[in-house]
Amino acid sequence: MNTTLHSIEETFNRISQEGGTALIPFLTVGDPDKETTLEIIQQLEQAGADILELGVPYSDPLADGPVIQRASARALEQLVTVRTCLDVAKQSRENGVQMPFVLFTYYNPVLQMGLDQFFEQAKESGIGGLIIPDVPHEESSELLERADAAGIALLPLVAPTSSERIERILNNGRGFVYCVSSLGVTGERASFHEGVDAFIQDVKSRTSLPVAVGFGISSREQVERFSEFCDGVVVGSAIVRTIESLIPDLMNANRREDALLQIRKFVAELKV
Amino acid sequence: MIGQVPDTKGRYGDFGGRFVPETLMNALIELEESYLKYAADEEFNAELNDLLKQYSGRETSLYYAKRLTEHYGGAKIYLKREDLNHTGAHKINNALGQGLLAVRMGKKKVIAETGAGQHGVATATVAALFGLECKVFMGEEDMQRQQLNVFRMRLLGAEVIPVVSGTKTLKDAGNEALRYWVSNVSDTFYILGSAVGPHPYPLMVRNFQRVIGDETRRQILETEGRLPDTIVAAVGGGSNAIGMFYPFMKDEDVKFVGVEAAGKGIDTPLHAATMTLGTKGVFQGSMSYLLQDEYGQVQPAHSISAGLDYPGVGPEHSYLKDTGRAKYVPITDDEALDALKLLCRTEGIIPALESAHALAQAGKIAPEMSSDQLLVVCLSGRGDKDVESIMAYENQGGEA
């Protein structure tokens, strides 16, 4: 068993023994800049994050709502590339960050880097899992083969509309299952897809992999709600929006420390 | 040699496919199944053909442009008059087809993306005709460039939703339409306007547009007793071109020329020359040629013609380029404008800026052909919508 893949598994095993739920924050790498991202990552681990999703900025993020679209645009102004993101993962390890990293990227940036180079460098940078939201199961066979060879888990995504596709998707599942909570793009929301609980329970009953839920979860109350039956909860836009609101402070030497602490506090409060 | 494309996965050689979020996959599979069912359904086809005839005014004429032919002094030039369709362009062929499919599938709401507004107007028209609720996504910048079409869509009862993300043009309107569809997939039909996007859209749009080529083939055989030597059509996403080319695919002596927008020139950053300068990539649901940087970020396109101002291209065109079946060439804003004016003055027809790109290329090749050769140009739309842009361009001394 490869060490990086093992560590996603180990993380879920440890949390399950403790009777908890994995908190999986998301951030867009390079928003507002690479140095700040590196510092935020350290704060997130200290806040109790169990696994981190590193978002690669993309010009046309069609699975994302306005908050992550804006973060992507800011990161692209900083000329952040897939390599930058892998570099951030590597440097974070050197900074002593231990939680598993999942890279969230659209397909085209990976394709243009070249699959050989991408997987080689992702492995070297200690990436444990990979989410590519615009590559559905039917288009994923080559990626899955290469990800397996690199010891990186290509995480399966299932949506409330997946219905009879769920079985096939789960059969090829690695790492943990990412359940999309509701129809729509990423972003905070007050309510979830009708029948979301039954949908997640159904997924859980069909797989031995841990099951995490994401898309739209933004408050402690919502984290608690899903913790009752999920192994992990992903919080994205709410964190990205918190970072966005603190950019003027993060860019000010006198207020930077305080802003980083506010981000840490926001995430710590989500941990159940 | 061209094989039967697409395959069952929606692949045209290396191109096409279905690169979308999981949430949309079942909707696309359902769409594909319904489309294939109704494409083989006599009643559906009879109703569509009746609408094309009685409502849109088909068939459109294949007009021998005598004075234009004399001007160039080469091949005999025929114009396929898609500009004579209801709403002024070929877009209605596809909007009627997909609209009728939406009705058959029991969907009450339709959405569309639009650049210049032609597909938006066609969709709004069809939605009114079928009593469907209609939302059209349009880049804020395009809304300003095409105010008349915005008003037209609203008059027809559609809601026009300004898109403020990204470049605020067609590509972002497409992203926003897809995002909306992800959220409302259970009761909404996405009427996609070009031969792009995830399978089955490129196939479906081609087949709803092939009426252009089917009629042209029959008409030229009637008037000339033989097939044309060369067919020229403008390519943005490529729906009029693929509809025109497809029925001639196996006639290997008929040459295909697709014309893309070179904007200010292919040696400047302001162009939409996806075939000439693009590389393979995945964009808006399919693998195709794409304007992108080395890191895979999609680059903004530029053209005086909003309908060609798009960094992607339909996957079947990429396949035709790689197999050598079709040739793709760039035409600049200035060349297109000159061709537009020439057609106005020789034939009394104001073509759309998109179609003017095809006319400009025809002007380059006609003189090199002999007078017994036949050249067909797809006049995909009329230019009324562009008059204001042309005035602005002229007033700014060519700085649109």
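This report covers the sheets, the chain contact, the cavities and some backbone features of a predicted two-chain model.

Local features need pLDDT of at least 70 and side-chain atom pairs count only at pLDDT 80 or more, whereas totals for chains, interfaces and linings use all residues. Residues are numbered from 1 along each chain as its sequence is written, chains are lettered from A in the order in which they are written, and side-chain values use heavy atoms, without hydrogens and water.

**Sheets**

Helices (H or I, at least four residues) and strands (E, at least two) are DSSP runs numbered from the N terminus, and two strands pair if DSSP finds at least two bridges between them. In chain A, nine strands form an open, parallel sheet in the order β5-β4-β3-β2-β1-β9-β8-β7-β6. Its edges are β5 (153–154) and β6 (157–158) of chain A; each has a single partner strand, so one side of each is left without a neighbour in the sheet. Within chain A, β8 (residues 211–214) and β9 (residues 232–235) pair in the parallel sense over two bridges, and Ala212(A) stands opposite Gly232(A) in β9(A).

Chain B has an open sheet of six strands with mixed pairing, ordered β3-β4-β14-β9-β10-β13. Here β3 (62–64) and β13 (326–332) of chain B are the edge strands, pairing on one side only. From one strand to the next the twist averages 25°. Strands β9 (residues 230–234) and β14 (residues 374–379) of chain B pair in the parallel sense over three bridges, with Ile231(B) opposite Val376(B) in β14(B).

Three helices that lie on these sheets are tabulated below. Contact means heavy atoms within 4.5 Å; axes are lines fitted to C-alpha atoms, for helices over the stretch in contact, and angles run from 0 to 180 degrees between N-to-C directions.

| Helix | Strands touched | Angle |
|---|---|---|
| α9 (residues 196–206) of chain A | β6, β7 (177–180) and β8 of chain A | about 160° to β7(A) |
| α14 (residues 333–347) of chain B | β3, β4 (76–81), β10 (255–263), β13 and β14 of chain B | about 90° to β13(B) |
| α15 (residues 353–365) of chain B | β4, β9, β10, β13 and β14 of chain B | about 165° to β14(B) |

**Chain contact**

Chain A and chain B each give 35 residues to the contact. The area buried between them (accessible area, 1.4 Å probe, lost on putting the two parts together and summed over both) is about 2800 Å², with 51% from carbon and sulfur atoms. Asp60(A), Leu62(A) and Glu139(A) supply 23% of the area that chain A buries against chain B, more than any other three residues.

**Cavities**

A cavity is a set of points, on a 1 Å grid over the protein atoms alone, where a 1.4 Å probe fits but cannot get out; lining residues have an atom within 4 Å of a point. Grid points are joined across faces, edges and corners, and a volume is the space filled by probe spheres set on the points. There are nine cavities of 30 Å³ or more.

The largest cavity holds about 460 Å³. It is lined by 37 residues, with Lys91(B), Leu170(B), Gly193(B), Ser194(B) and Gly307(B) nearest its centre. The second largest cavity holds about 230 Å³. Of its 17 lining residues, Val135(A), His137(A), Leu155(A), Pro156(A) and Leu157(A) are the closest to its centre.

**Backbone**

The peptide bond from Asp31(A) to Pro32(A) is cis, with omega near 0°, and Pro32(A) is in the loop between β1 (22–28) and α2 (34–47) of chain A. Another cis bond joins His199(B) to Pro200(B), with omega near 15°.

Key. 1 Å grid on protein atoms, 1.4 Å probe; cavity = no way out; pocket = protein on both sides within 12 Å on 5 of 7 lines; lining within 4 Å.
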